[in-house]
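Here are some short exercises for reading a protein structure step by step. Try each task yourself before you look at the solution.

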Amino acid sequence: MKNTIDFHTRQGLLQHIEETLAFYYPQALDRKYGGYHEGYYMDGSLTDSKTKHIVGQARHLYDFSVGYTLTENEEYKEAAEHGVHFFQNKMRDKVYGGYYTEWKKGRATDDKKLTYGHAFIFRAAVAAVEAEIEGADELLADIYQVLTEKLYEPAARLYKDEATRDWSTFLEYRGQNCNMHMCESLITAYEATDQRHYLDQALSIADKVTNELAAQSNGLIWENYDEAWMKDERFNYGETRDEFRAYGFVGGHQLEWSKLLAWLNLHQPTSWLLERAEELYQTGWSYYHDTSNGGIYFAMSPDKEIIDKGKSYWVMAEALAASALLHSQTGNDIYSKHYEDLFRYVQDVFIDPEHGAWYQWLTAENKIEGKVKSPSPKTDYHPISASYLIMSYRGEDL
């Protein structure tokens, strides 16, 4: 059965969000241990009923909060309240502050403090505040305080990547990925609260990563850096699919930063934001687009050789959001064409027409990789957040 989403309308994108949420609800809710289940086979049956990762938990909370905001479905509201309660009563470290990285069968099994995960709690808390979920305001205040007091590095204007449980030791490694998601979360916090300091910090991070750090790579976004924020081409060598610290120039992150810059430009129109957004988009498209089979390759080496031709669900979602925002601001029909082509491609090969939700990985020839549709921490956060963003800024006529 072929997917028939009308991706040109707000109603069509809402339908897509609802159909995606239907894959996860109600089986995502763990009534025994709290929080959400994170691993799903193709048909929605569980691969793991016990392990909770900070990122997967936060992404589920975000998804259900957005679902309630858009539909006023009380089941999604209850699902979001379930997540807020889990963060406040289980994953929060009541001794040292911050949030554990992993929780399993009633106890913390990984107690380090991961900035990437805290950035996603921040994003989820903002979405829950917008949805008026009980406890969300307290969660937002707490997570932002932790991020500011424990993980922010003022001299660098960026966030450190990881700390031990008691904050006594920080990983020397620095990464752009957690900072990219902090930038995204700060934009949404500004939209939800109208507090200017959130927008100012998002702009500062964007400038630091896409201008200063990118200058080390002739304008491209590299993933991994040392403690002095110097490009590290040895770290995680060859590990292109590391969830948080991938090796190489990741095509999706060129496009995701393009989306963020275009999004920032809506709030503070600035020539460099839109110019840089277009540069990164064009880079992402020209280097990574598969002209033969469609879609976008995953990673490129420092020598600009494609080293991972896999197709990732989240890359397609971010490319869709970037193309939609750029078309709305520039009027350039090339972005509209890319949006059209990508969504048709996604409907044809990425969205499961029988069970719903997106496959995680396809090969270069668009064959499904593996038997698991949604391992931790996927949750289809990227397709839902991209669709929600496009709906928010493109109106009825897309």
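The exercises below use a predicted model, and each task is followed by a worked solution.

**Exercise 1. A helix and its length**

Task: What span should helix α9 (residues 271-288) have at 1.5 Å a residue, and how far apart are its end C-alpha atoms?

Solution:
- Step 1. Helix α9 has 18 residues.
- Step 2. The expected span is 1.5 Å times one less than the number of residues, so α9 should span 26 Å.
- Step 3. The end C-alpha atoms of α9 are 26 Å apart, which agrees with the expected span.
- Step 4. Now look at which side chains are hidden: the buried residues of α9 include L273, L274, Y281, W285 and Y288. Charged residues are on the list too, among them R276 and E278.

**Exercise 2. The same check on another helix**

Task: How far apart are the end C-alpha atoms of helix α7 (residues 196-213), and what span is expected?

Solution:
- Step 1. With 18 residues at 1.5 Å a residue, α7 should span 26 Å.
- Step 2. The end C-alpha atoms of α7 are 25 Å apart, and this agrees.
- Step 3. Among the buried residues of α7 are Y198, L199, I205, V209 and L213. K208 is buried as well.

**Exercise 3. Helices side by side**

Task: At what angle do α1 and α12 pack, and which word describes their directions?

Solution:
- Step 1. Two packed helices are described by the angle between their axes and the distance between the axes.
- Step 2. For α1 and α12 the angle is about 160°, and the axes are 10 Å apart.
- Step 3. Angles over 145 degrees count as roughly antiparallel, so α1 is roughly antiparallel to α12.
- Step 4. The crossing of α1 past α12 is left-handed.

Task: Which word fits α10 and α11, and which fits α7 and α8?

Solution:
- Step 1. Helix α10 (residues 313-330) packs against helix α11 (residues 333-350) at about 155°, with the axes 8 Å apart. That angle makes α10 roughly antiparallel to α11.
- Step 2. α7 and helix α8 (residues 251-267) pack at about 140°, with their axes 11 Å apart. α7 is therefore oblique to α8.
- Step 3. α10 passes α11 in a left-handed crossing, and α7 passes α8 in a left-handed crossing.

**Exercise 4. One residue inside a helix**

Task: Is L320 buried or exposed?

Solution:
- Step 1. Locate L320 in helix α10.
- Step 2. Its relative accessible area is 3%. Buried means under 20%, so L320 is buried.
- Step 3. Compare sequence with space: L320 and E256 are 64 residues apart in sequence, while their C-alpha atoms are 9.7 Å apart.

**Exercise 5. Rings and charges**

Task: How are the rings of F350 and W358 arranged?

Solution:
- Step 1. A search of the whole structure finds 31 aromatic pairs. In one of them, F350 and W358 have ring centres 6.1 Å apart and planes at 45°.
- Step 2. Planes under 30 degrees apart count as stacked and over 60 as edge-to-face, and the rest are tilted; the pair of F350 and W358 is therefore tilted.
- Step 3. Both F350 and W358 are buried.
- Step 4. Elsewhere, Y62, Y116, F120, F244 and Y381 form one aromatic cluster.

Task: Which residues lie over the faces of W222 and W361?

Solution:
- Step 1. Over the face of W222 lies K231, at 4.9 Å from the ring centre.
- Step 2. Over the face of W361 lies R241, at 3.6 Å from the ring centre.

**Exercise 6. Special spots in the backbone**

Task: Where do the cis peptide bonds before P26 and P377 lie?

Solution:
- Step 1. The bond from Y25 to P26 is cis, with omega near 5°. P26 belongs to the loop between α1 (10-24) and β1 (39-41).
- Step 2. S376 and P377 are also joined by a cis peptide bond, with omega about 5°. P377 is in the loop between β17 (372-374) and α12 (381-394).

Task: Are K304 and D380, which have positive phi, buried or partly exposed?

Solution:
- Step 1. K304 is not a glycine, yet its phi is about 65°. It lies in the loop between β13 (299-300) and β14 (306-308).
- Step 2. K304 has 41% relative accessibility, so it counts as partly exposed.
- Step 3. D380 is not a glycine either, and its phi is about 60°. Its place is in the loop between β17 and α12.
- Step 4. At 0% relative accessibility, D380 counts as buried.

Conventions:
Residues numbered from 1 in each chain as written. Predicted model: local features only at pLDDT ≥ 70, side-chain atom pairs only at ≥ 80, totals over all residues. Heavy atoms only, no water. Phe/Tyr/Trp six-rings, centres within 6.5 Å; stacked < 30°, edge-to-face > 60°. Buried < 20%, exposed > 50% of the residue type's maximum accessible area, 1.4 Å probe, protein only. Lys NZ or Arg CZ within 6 Å of the ring centre and 35° of its normal. Helix = DSSP H or I, 4+ residues; strand = E, 2+ residues; numbered from the N terminus. Axes fitted to C-alpha atoms, helices over the stretch in contact; angles between N-to-C directions. Parallel < 35°, antiparallel > 145°, perpendicular 65-115°, else oblique. Left-handed = near helix turned anticlockwise from the far one by under 90°.
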